[in-house]
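The following exercises practise the reading of a predicted protein model. Each task is followed by a solution that proceeds step by step.

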Amino acid sequence: NYKAFEKYFQFENSKISGEVTPIYMYWNYAIERIKNYNSKAKIIIILRNPVERAFSHYNMEVSKAKENLEFFDAVTNEENRISKINPDSLQHRIYSYKTRGLYYKQIQNIYNHFSSEQVCVIKYENFLNNQKLILQELFNFLNVDPRVADNLKRKDIYKIPYKNEIDNDAKNYLYRFFKSDIEKLENLLQWDCSDWKNT
């Protein structure tokens, strides 16, 4: 029953309704449930350098006082921490700094439930550098007049200043951890993710 959820949306006289929840692609069964709810849904995904995503995620949890380990300790102990809390699925909302950055399997799961015509995958760095163009492409994807993008203004939300920079040990550890997954993602999406690798 989705009535409690649907009350947050204005469906009447609306061509498009949607919401933003990045963790949907991470949860094992969320995409299947979205497909069952609306098989015609369109999925928009923005993927960020997984090392930077992990550090951003960590800093958000620190700001919420939900994380007290140093970043390197948090990422190197991630599997142990999650297995103690949730041994059945090895998924966790807070401590999933690395696993949420393993994009290949998550994107494959989305393609298993939705056709490629229903999925738009955007590289975060491209969006930052070409926002107007990317927004026009998004509106075309959604069958909305792309000229709407001309009147939109950039607004940063949920931007939290970091207390520290990511240290080299953590950075090098994560680059090694993500290397294989990034390469598989490059093949899947036909992307160049050389800027995501520690070269």
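**Exercise 1. Salt bridges**

Task: Determine how the side chains of E67 and R81 meet, and where each residue lies.

Solution:
- Step 1. The side chains of E67 and R81 form a salt bridge, with an N to O distance of 2.9 Å. A salt bridge requires such atoms to lie within 4 Å, and the pair therefore satisfies the criterion.
- Step 2. This pair links distant parts of the chain: E67 belongs to the loop between α3 and α4, R81 belongs to helix α5 (residues 78-85), and the two are 14 residues apart.
- Step 3. Both E67 and R81 are buried.
- Step 4. In total, the structure holds 7 salt bridges.

Task: Decide whether E186 and K197, which form a salt bridge, are buried, partly exposed or exposed.

Solution:
- Step 1. The closest N and O atoms of E186 and K197 are 2.8 Å apart. The pair links distant parts of the chain, since E186 is in helix α9 (residues 168-189) and K197 is in the segment after α9, 11 residues apart.
- Step 2. Buried means under 20% relative accessible area, and exposed means over 50%.
- Step 3. E186 counts as buried because its relative accessibility is 13%.
- Step 4. K197 counts as partly exposed because its relative accessibility is 23%.

Task: Apply the reasoning on accessibility to D145 and R147, which also meet in a salt bridge.

Solution:
- Step 1. The N to O distance between the side chains of D145 and R147 is 2.7 Å.
- Step 2. D145 has a relative accessibility of 33% and so counts as partly exposed.
- Step 3. R147 has a relative accessibility of 58% and so counts as exposed.

**Exercise 2. Two paired strands**

Task: Describe which side chains of strand β1 (residues 43-47) are buried and which are not.

Solution:
- Step 1. In a regular strand, side chains alternate between the two faces of the sheet.
- Step 2. In β1, I43, I45 and L47 point to one face and are buried.
- Step 3. I44 and I46 point to the other face of β1 and are not buried.

Task: State how many bridges join β1 to strand β2 (residues 119-123), and in which direction the strands run, parallel or antiparallel.

Solution:
- Step 1. The strands β1 and β2 are joined by 5 bridges and run parallel.
- Step 2. Opposite residues can be named: I46 stands opposite I122 in β2, and L47 stands opposite K123 in β2.

Task: Explain why β2 is described as largely enclosed by the rest of the structure.

Solution:
- Step 1. On one side of β2 are V119, V121 and K123, and on the other are C120 and I122; all are buried, and both faces are thus covered.
- Step 2. Because 5 of the 5 residues of β2 are buried, the strand is largely enclosed by the rest of the structure.

**Exercise 3. Surface patches**

Task: Name the residues of the negative surface patch and locate E70.

Solution:
- Step 1. The negative patch is formed by E70, D73, D167 and D169.
- Step 2. E70 lies in the loop between α3 (50-63) and α4 (71-76).
- Step 3. E70 counts as exposed because its relative accessibility is 55%.

Task: Name the residues of the nonpolar surface patch and locate Y37.

Solution:
- Step 1. Y2, F5 and Y37 make a nonpolar surface patch of about 260 Å².
- Step 2. Y37 is part of helix α2 (residues 30-37).
- Step 3. With a relative accessibility of 39%, Y37 counts as partly exposed.

**Exercise 4. Backbone angles**

Task: State the sign of phi for N143 and for Q190, and describe the place and exposure of each residue.

Solution:
- Step 1. Most residues other than glycine have a negative phi.
- Step 2. N143 is not glycine, yet its phi is positive, near 60°. For Q190, also a residue other than glycine, phi is likewise positive and near 60°.
- Step 3. N143 is in the loop between α8 (131-141) and α9, whereas Q190 is found in the segment after α9.
- Step 4. N143 is exposed because its relative accessible area is 52%. Q190 is exposed because its relative accessible area is 68%.

Conventions. Residues numbered from 1 in each chain as written. Predicted model: local features only at pLDDT ≥ 70, side-chain atom pairs only at ≥ 80, totals over all residues. Heavy atoms only, no water. Patch = residues over 30% accessible without salt bridge, like charges linked within 9 Å, V, L, I, M, F, W, Y side chains within 5 Å. Areas by Shrake-Rupley, 256 points an atom, 1.4 Å probe, with all protein chains shown as cover. Lys, Arg positive; Asp, Glu negative; His and termini not counted. Charge placed at Lys NZ, Arg CZ, Asp CG, Glu CD. Helix = DSSP H or I, 4+ residues; strand = E, 2+ residues; numbered from the N terminus. Buried < 20%, exposed > 50% of the residue type's maximum accessible area, 1.4 Å probe, protein only. Pairing = 2+ DSSP bridges.
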